[in-house]
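Subject: Structure handover

Hello,

Here is the structure I said I would pass on. My notes on it follow below.

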Amino acid sequence: MKTALTIAGSDSGGGAGIQADLKSFSANGVFGMSVITAITAQNTQEVRSVQDIDVNIIRDQIEAVFDDITVDAVKIGMLSSADTIKTVTQGLQKYAPSHIVLDPVMVSKGGHHLLRQEAVTSLIDHMLPLATIITPNIPEAEVILGYPISNKKDMEKACMDMTQLGARSVLLKGGHMEGDPDDLYYDGTNFHWISGTRIETKNTHGTGCTLSSAIAANLARGFDMLEAVKRGKSYIHMAIEHSLDIGNGHGPTNHFYDLYRKAKMYQEAEKTWSN
């Protein structure tokens with residue numbers, strides 16, 4: 001059994017953050033562990049409040065996991081403060097995991113800022129150089145780089161510029177562009193466009209968390225980066241296509257749809273055999 005560790009915030013609504021990461025890990029065949037960096041009071045409509053976890057507890061969580069369990073991949077999500085980023089950076093430098101997937105979580109689906117302005121510089125200076133891959137959407141990449149991204153040529157430039165900041169590779173998600181949500185993977189040398197089909201649904205809460213966790217899980221399983229990205233893209237497409245209409249806002253993706261479908265097939269087959 002391969003393992004993956006998520007270092008991120010908790011979403012009380014269950015659709016994003018630590019909760020989405022652990023579901024995504026399980027659905028993609030790895031054992032999930034967690035380091036909680038913040039607690040959010042959150043549902044499908046809003047983030048009501050956020051409380052950062054004491055950095056000493058964050059450090060202890062990291063050490064407790066790494067000192068006992070082999071970590072095959074790490075996914076980084078919500079790191080809301082500069083002190084949290086510093087603590088996580090020190091932990092990752094100490095244990096040097098093979099794969100680090102950085103999802104630069106900045107704003108919630110409802111528009112709540114989850115990364116303080118003063119922490120943006122710290123994220124760029126300290127976390128990007130540790131990242132095996134960074135998975136921003138267009139608005140997040142614009143904050144990191146400080147310029148607008150309006151077309152596919154801009155996306156190519158943005159990917160190159162983020163590797164100049166230290167990331168070894170980039171998956172720039174195209175969901176905020178018009179037309180189909182084509183993503184761009186840049187391995188530091190070559191560009192790989194990964195086509196997508198837009199699904200008309202409001203239920204997209206936690207998509208970024210789910211995708212980055214799926215990539216981390218597939219890296220943990222031994223797939224190379226491009227294959228892990230493609231598998232992650234296929235997985236999130238399925239989860240959005242069969243998303244759940246839960247709550248009154250942006251509902252969550254369906255992390256276990258494929259497992260439920262297979263279980264139902266087995267149950268129907270057993271009924272046939274018994275007859």
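I start with one residue, Thr253, whose contacts beyond four places in sequence are Asn203, His205, Thr207, Thr210, Ile236, Ala239, Ile240, Ser243 and Leu244. Please keep in mind throughout that this is a predicted model. Thr253 sits in a loop, the one that runs between helix H8 (225-241) and helix H9 (257-274). Its relative accessibility is 2%, so Thr253 counts as buried.

One of the contacts of Thr253, Thr210, also takes part in a helix packing. Helix H1 (residues 17-27) packs with helix H7 (residues 207-220); the axes are 8 Å apart and the angle is about 40°. Because angles under 35 degrees count as roughly parallel and those from 65 to 115 as roughly perpendicular, H1 is oblique to H7. The crossing of the two helices, H1 and H7, is right-handed. On the H1 side, the contact is made by Gly17, Ala20, Asp21, Ser24 and Phe25. On the H7 side, the residues are Cys209, Thr210, Ser213, Ala214, Ala216 and Ala217.

Next, the nonpolar cores. The largest has 45 residues, and Ile7 and Ile76 are the members that touch the most others in it. Helix H4 (residues 117-127) supplies the largest share of this core, with 5 residues. Beyond four places in sequence, Ile7 touches Val35, Thr37, Ile62, Val74, Lys75, Ile76, Gly77, Met78, Leu79, Val88 and Leu92. Ile76 is thus among the residues that Ile7 touches. There is also a second, separate core of 21 residues, with Phe25, Ile133, Leu171 and Tyr185 among its members. Phe25 is one of the H1 residues in the contact with H7.

Last, the cysteines. How many disulfides does the structure hold? The count is 0. Cys159 is in no disulfide, and the nearest cysteine sulfur to its own, that of Cys209, is 20 Å away. A disulfide needs the two sulfur atoms within 2.5 Å, so at 20 Å the sulfur of Cys209 is too far from that of Cys159 for a bond. Are these cysteines buried or exposed? Cys159 has a relative accessible area of 0% and is buried. Cys209, which belongs to the H7 side of the helix contact, is at 12% relative accessibility and therefore counts as buried.

Regards

Note on methods. Residues are numbered from 1 along each chain as its sequence is written. This is a predicted model: local features need pLDDT of at least 70, side-chain atom pairs count only at pLDDT 80 or more; totals for chains, interfaces and linings use all residues. Side-chain values use heavy atoms; hydrogens and water are left out. Buried means under 20% relative accessible area, exposed over 50%, partly exposed in between (1.4 Å probe, protein chains only). Helices (H or I, at least four residues) and strands (E, at least two) are DSSP runs, numbered from the N terminus. Contact means heavy atoms within 4.5 Å. A nonpolar core is a set of buried Ala, Val, Leu, Ile, Met, Phe, Trp, Tyr and Cys residues joined through side-chain atoms within 4.5 Å. Axes are lines fitted to C-alpha atoms, for helices over the stretch in contact, and angles run from 0 to 180 degrees between N-to-C directions. Angles under 35 degrees count as roughly parallel, over 145 as roughly antiparallel, 65 to 115 as roughly perpendicular and the rest as oblique. A crossing is left-handed if the near helix is turned anticlockwise from the far one by less than a right angle, and right-handed if clockwise.
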